[in-house]
Amino acid sequence: MPTVVILDKSLSMRRPASKDNLHSRHSLACKGLEWFLNYIGMCFPLEYTSLLAFSSVCDVVVPFTRDYELLKSKLDEVAVQDRTDLHAALVAMVETMLAEWGSFAPCQAVLVTDGSPGVKHQDAVYKRQPPNIPFPCQLYVVCIATSDELHWASRQNQLCELTGITGSEIFVPSGPLSETTVRETFKRLVEAHFRPYSGVLKCGHLSSNIGLSPPPSVLRSKLPVSISLESRYPSLDESYPNLQYPKEMVICGFLDIVSLPVPPILTRHFVTDSEVDSKTLDNLLQALGKVEGLSVVPPKQDDLESGKPSFRVLLHGSLKCDSKVALVQLSDSWFGLLFSAVSSSSKKSNLVLSVFYPNADVPWLGPFLYLGPKINTQKMNEDEDSDTPFPVVPAHSLSYQIPGSLLWASESVLQSDMTKIIRYSRKLPEKEGALVKELNKLRLVAVTYSMPDLIDVLCAALTKEEASATSPQATALLNQCIQFLSTNKNPLERLVITQKQL
C-alpha cells in the first residue's frame, strides 16, 4: 500500500539535539528517514512513497514514486519555515492520497516531528475541526525528542484519534537524542509495521518462496471502506480463530476463469519471488544500521524472473496461457484465488492473489470444501471436451430473477401490440403462431391490470377483420380467437389452436 512520509520543517526542528550534541533535530530526522527509505526500497520495491514537508503550510516535495534515491536527495532540500501546523499536514496528506489513489486504497503515514506546535500555538491547533480522512489510514508518529520533552504527546495522540485514525502509535527515542537512538526508533517502527511477507506457495511436490505486495496486514479503522477484519467482525477470536496470513499456501485446484468473473474479495496482492526470510531480514536490519550512505537499487521484476527456475513464474505463465485461475487454501475455511492480471498502463501481466472473506463462499460455486476434481463428475467422464459445469443453475427461482410472466403496460406498448395483432390477422393463416402469441400477451395484460374494455376493443377489431377475411381458414381462426377472448376469464389459461378445432 502507498506510504506518505510527512516531515516537520518548522523552526523548532533546527534546535540542537542536546547541549552535548550540536546536530539539529532536522538533520537527525533526515538521517533516520534516509535509513527508513533504504529499508523500504529494499523490502518493498513495488510500493509507492511520497514525501511531504509542513510547517504552517504543507508542500508536496516528491509525489508518489518508486525512486528512493530521489526521495533521499530531496530530504536535504527541505527549507525551514515558521511554526508547526499538523492540521495542514493532515489536509495535504488527504488531498495527495485522493488525487492519486482515491478513497478506497489504504494508506500508511509516517509523521516525523519534534512534538512542539510552536510558541503561542499550543491550543490553536486543536480549535479547528479535524480533517475528514475518507480512506483507511494508519498513522505512525516518530518524535525527535526525549521522553522528558514530550509533554505534548498526549495531545498528539488525541489528534490522531479525532481524525478517525485509530490504533496509531508514537515512537520516541529511548535515551538522549543521537543518530543511533533515532535510527533505533525507526528500526522499532519497521519491525512493528513494515515487515515484508515471506511465505511458500505449494502445488503437489512443486513449491516456491513468494512475497506479497502490499504485505497482508490488519488496518484498525472505523471506516466502512476499511479492509480491517476487526471492524468487519467484532468477535474475531470467537468466530474466526485463524485469521493470521499463513506462511504456507496450498493450491487446491484450477478453474476456468469464466467460473469466477467477479468474486467477493477482502484484499488483493501482487505475488513476487522472495528470498527474504526472518533471518535474512534481521541481517538486513543490522546491515542498514551499520552502513553509511547505503544506496538502494530496487530489483526489477524482469531480473527476478530471469534468475533461477521458479515455480511462481511457471504458474503465472500457465494460468495466462490457459485462461485458468488457481484456488488457494489459506486455512481450514479460508481461501484465495491466483490469476494473471494485465496492468492497465502496460501490456505486462502480473500474478495476483485475491483473498476471500473467512468462511465465505462464492454463491454459484457453493462451499469450497465440497469442490473436487473435474474428472469425478459424471458429465466430464462422458465428454472430456465439454464445457465447465459452472455456474450451477439453482433449482429454485431467486427473488431477483426476472420471471416469464413479468408484464409492462404503457400507452405506447399497448398501441404497438394492437397494431401487430391487426397486421397478423390480415396475414392469416401464415401468421397464425405470431397472432396467438400476441393475443395471449395482450389478454394477460388486460386481465392482470383489470382492463375489460381493452378485451372488448380487441374483440371488435378482430370481428372487423373477420368480416373482410378472404380465406375460410382465416375466418375460422379469427372466430375462435373472438370466442376465447369474450368467454374465458381464467388469467392462467392461454389460447391454443389445434387442427381439430379448425
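In this predicted model, Glu-77 and Lys-74 form a salt bridge, with their closest N and O atoms 3.4 Å apart. The two partners can be told apart by their surroundings. Glu-77 counts as exposed because its relative accessibility is 53%, and the cut-off for that class is over 50%. Lys-74, at 26% relative accessibility, counts as partly exposed. As general background, side chains of opposite charge can pair when their charged atoms come close. In total, the structure holds 14 salt bridges, and a few of them help a newcomer to find a way around the fold.

One of these bridges joins Asp-256 to Lys-324, where the closest N and O atoms are 2.5 Å apart. Asp-256 belongs to strand 9, which covers residues 248-256, while Lys-324 belongs to strand 11, which covers residues 324-331; the pair therefore ties together parts that lie 68 residues apart in sequence. With a relative accessibility of 26%, Lys-324 counts as partly exposed.

Another salt bridge brings together the side chains of Arg-312 and Asp-273, at 3.2 Å from N to O. Arg-312 sits in helix 10 (residues 311-322) and Asp-273 in strand 10 (residues 267-273), so this pair links parts that are 39 residues apart in sequence. Both Arg-312 and Asp-273 are buried. Salt bridges also occur as a network, in which Asp-417, Lys-420, Glu-438 and Lys-441 are linked.

The strands named above can now be placed in their sheet. Strands 9, 10 and 11 are among the 7 strands of a closed barrel, which runs in the order 7-8-10-13-12-11-9 and has mixed pairing. From one strand to the next, the twist averages 40°. In general, the strands of a sheet pair through backbone hydrogen bonds, in either a parallel or an antiparallel sense. Within this barrel, strand 11 pairs with strand 12 (residues 334-342) in the antiparallel sense, over 5 bridges. Ala-326, for example, has Leu-338 of strand 12 as its bridge partner.

Helix 10, the element that carries Arg-312, packs on this sheet. The helix touches strand 7 (199-203), strand 8 (206-213), strand 9, strand 10, strand 11, strand 12 and strand 13 (349-355). The direction of helix 10 makes an angle of about 95° with that of strand 13. Strand 10, which holds the Asp-273 partner of Arg-312, is thus also one of the strands in contact with helix 10.

How values were computed
Residues are numbered from 1 along each chain as its sequence is written. This is a predicted model: local features need pLDDT of at least 70, side-chain atom pairs count only at pLDDT 80 or more; totals for chains, interfaces and linings use all residues. Side-chain values use heavy atoms; hydrogens and water are left out. A salt bridge is a side-chain nitrogen of Lys or Arg within 4 Å of a carboxyl oxygen of Asp or Glu. Buried means under 20% relative accessible area, exposed over 50%, partly exposed in between (1.4 Å probe, protein chains only). Helices (H or I, at least four residues) and strands (E, at least two) are DSSP runs, numbered from the N terminus. Two strands pair if DSSP finds at least two bridges between them. Axes are lines fitted to C-alpha atoms, for helices over the stretch in contact, and angles run from 0 to 180 degrees between N-to-C directions. Contact means heavy atoms within 4.5 Å.
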